Amino acid sequence: MTVTSAPPPLPPQPLHKLQCLWSHTNPAHSQLDRDTVTHTDIMLGTLCALITALTYVDAAKVLTQTPPVHTASVGQQVVLHCNIQRDDYRVVSWYKQALGKTPQYILYYYHSHRSPTFGSGFSSDRFDSKSTSNINYQLIIKRAETGDSAQYFCHTWDTSANEHVFGPGTELTVTSSSAPAPVLTVFPPSSAELQSNKASVVCLSSQSVPFAHVTWSAAGSPVSSGVSTSTAVQQPDQSFHISSRLDVQTSDWNLNKVYTCKVSVGSQTSEKTISRSHCPTGDE
């Protein structure tokens, strides 16, 4: 099996654009020497900027990744899908971006090849790639590990737009049977907030993986507006914290409406409730 640290050559980016993209994502490279630009610099710099700015939506070709969110258990096979919309460039690359890390190039796959070509640190022992048609490609993780929890992006080239194109990503969470349920803490509105018409209740989740599904309800009814949920932040003890805020009407809080925060990580779910007259309740 051939192992390489970079994908196959693609039509080059203008160097002035590359320098802008790469310096935006990595200040240490702001004085990048144009004579020493490597293909890995091009791909990773472009990827970081595209993910951050979501500039892939400007391209004529739109990549679709399914499922957008996926949860698997340790040891299971995981199959992620990428539809490249149009059959004009039969090469798809895959990248992994763990929380707080730079993207890692996993592999690229030519439609006519029997096997993919891998990036450094990845091999056929656990990874594979296939195509089910000229426009449908798969990334296969043969035996999932907790360290596979990350965002996965597919990539190809748009020949009509002359642009690198990335999919929106799939969020993969791999959990073990021994993983504990999320531990939740809910906080009432501050006294200062309650002096105005609007206030907020906050839910803090401590969990063993970086991704979780957070939902709110008010008086038993699901609430989607006025919800703001952060990305996970890893703690010194290797756990992850996610905070979610629900905006509420001060009048509803004063009328003792009950608010519930529910957090799911794989098959593990925790919830806590809070109201004006009751202290936080729920899973401990």
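## Second largest pocket

The second largest pocket has about 340 Å³ of volume. This is a predicted model. Lining that pocket are 17 residues, and T146, G147, S149, P210 and F240 lie closest to its centre. Sorted by class, the lining of the second largest pocket holds seven nonpolar, eight polar and two charged residues.

## Largest pocket

The largest pocket encloses about 470 Å³ of space. Its lining comprises 25 residues. Nearest the centre of the largest pocket are Q151, E171, P210, F211 and A212. P210 is thus named for the largest pocket and also for the second largest.

Several strands contribute to the largest pocket. Those giving two or more residues to its lining are β2 (69-73), β9 (150-158), β11 (170-175), β14 (213-218) and β19 (259-265). The class count for this lining is 12 nonpolar, 11 polar and two charged residues.

## D148, ahead of β9

D148 sits in the loop that links β8 (136-141) to β9. Is D148 buried or exposed? D148 has a relative accessible area of 2%, so it counts as buried, since the cut-off for buried is under 20%.

Which residues touch D148, once neighbours within four places in sequence are set aside? The contacts are K96, R126, F127, I141, R143, L172 and V174.

## The β9 and β10 hairpin

β9 is one of the strands lining the largest pocket. β9 also pairs with β10 (residues 163-166). The pairing is antiparallel and runs over four bridges. One bridge joins H155 to F166, the latter in β10.

Four residues separate the two strands of this hairpin. Within the hairpin, N162 adopts a positive phi near 55°.

## Confidence

The protein has a mean pLDDT of 81. A pLDDT of 70 or more is reached by 77% of its residues.

Where does pLDDT stay under 50? One such stretch is residues 1-6, with 22 contacts in the model beyond four places in sequence. Residues 8-42 also have pLDDT below 50. That stretch, 8-42, has 53 contacts in the model beyond near neighbours in sequence.

Notes: Residues are numbered from 1 along each chain as its sequence is written. This is a predicted model: local features need pLDDT of at least 70, side-chain atom pairs count only at pLDDT 80 or more; totals for chains, interfaces and linings use all residues. Side-chain values use heavy atoms; hydrogens and water are left out. pLDDT is the predictor's confidence in each residue, from 0 to 100. Contact means heavy atoms within 4.5 Å. On a 1 Å grid over the protein atoms alone, a cavity is a set of points where a 1.4 Å probe fits but cannot get out, and a pocket is an open set with protein on both sides within 12 Å along at least five of seven lines; lining residues have an atom within 4 Å of a point. Grid points are joined across faces, edges and corners, and a volume is the space filled by probe spheres set on the points. Ala, Val, Leu, Ile, Met, Phe, Trp, Tyr, Cys and Pro count as nonpolar, Asp, Glu, Lys and Arg as charged, and the others, Gly among them, as polar. Buried means under 20% relative accessible area, exposed over 50%, partly exposed in between (1.4 Å probe, protein chains only). Two strands pair if DSSP finds at least two bridges between them.
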